[in-house]
Amino acid sequence: VLLDAETALDAWEETEDAVRGRIFYAAVLTLLRAVGHVLRKVDAAEHPEIAALVAARFAAWKRDADKYPLFSEFIDPERNAILKEYEFGVGAEQVVGTWENLQTGECGEMPIPTKIYAYEDGPFAGEDVRDVARQAIEFLRGELDEIEAAIGKPRP
């Protein structure tokens, strides 16, 4: 699941299209949140030796926002907003460009989609959401590595 999230993020970073960006955003956040669900509901069920550790880690992610803001302030609420209300915490900002019709001489302004997806406030203010997603991937990878190290076996 984590590899799929990273692949979706890579595709998101490569697109210039705002609609595709929104779709990749939804995919990345959904997959990031799925990591915890799969860890708790599938991996822990199949490997009882990690069940207690996984339950404790998952509870800590949800409970301690100061220590785990990537989960409690990003992964969980963003995924919930997308899946439950189809609302996005950030959107593609629009840069205004000018256009001129060379035949008529008419001029005007139009929005030009950009690759900027910045938070305006909160713990990730000013950061591009894709950078925060990359941090979230690294956070989850680290958590999985710690679970693996704690049980002395490669993670499932």
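**Salt bridges in our predicted model**

Okay, so the program's count comes to 10 salt bridges. Keep in mind that this is a predicted model. I'll walk you through a few of them.

Let's start with R141. Its partner is E6, and the closest N and O atoms sit 2.9 Å apart. What I like here is where the two residues come from: R141 is in helix α5, residues 129-151, while E6 is in helix α1, residues 2-14, so the pair links distant parts of the chain, 135 residues apart. How exposed are they? R141 has 24% relative accessibility, which makes it partly exposed. E6 comes in at 19%, and it counts as buried because the cut-off is under 20%.

Next up, K62 and D76. Their side chains meet in a salt bridge at 3.7 Å, N to O. This pair also links distant parts of the chain, with K62 in helix α3 (residues 51-63) and D76 in helix α4 (residues 69-85), 14 residues apart. As for exposure, K62 is partly exposed, with a relative accessible area of 45%, whereas D76 is buried at 14%.

Then there's R130 with D128. The closest N and O atoms in that salt bridge are 2.3 Å apart. Buried or exposed, these two? Both R130 and D128 are buried.

Now, back to R141 and E6 for a second. Which residues get joined up when salt bridges share partners? You get one network made of E6, D10, E13, R134, E138 and R141. So if you have the structure open, R141 and E6 are both in that network, and their own salt bridge is the 2.9 Å one.

Notes. Residues are numbered from 1 along each chain as its sequence is written. This is a predicted model: local features need pLDDT of at least 70, side-chain atom pairs count only at pLDDT 80 or more; totals for chains, interfaces and linings use all residues. Side-chain values use heavy atoms; hydrogens and water are left out. A salt bridge is a side-chain nitrogen of Lys or Arg within 4 Å of a carboxyl oxygen of Asp or Glu. Helices (H or I, at least four residues) and strands (E, at least two) are DSSP runs, numbered from the N terminus. Buried means under 20% relative accessible area, exposed over 50%, partly exposed in between (1.4 Å probe, protein chains only).
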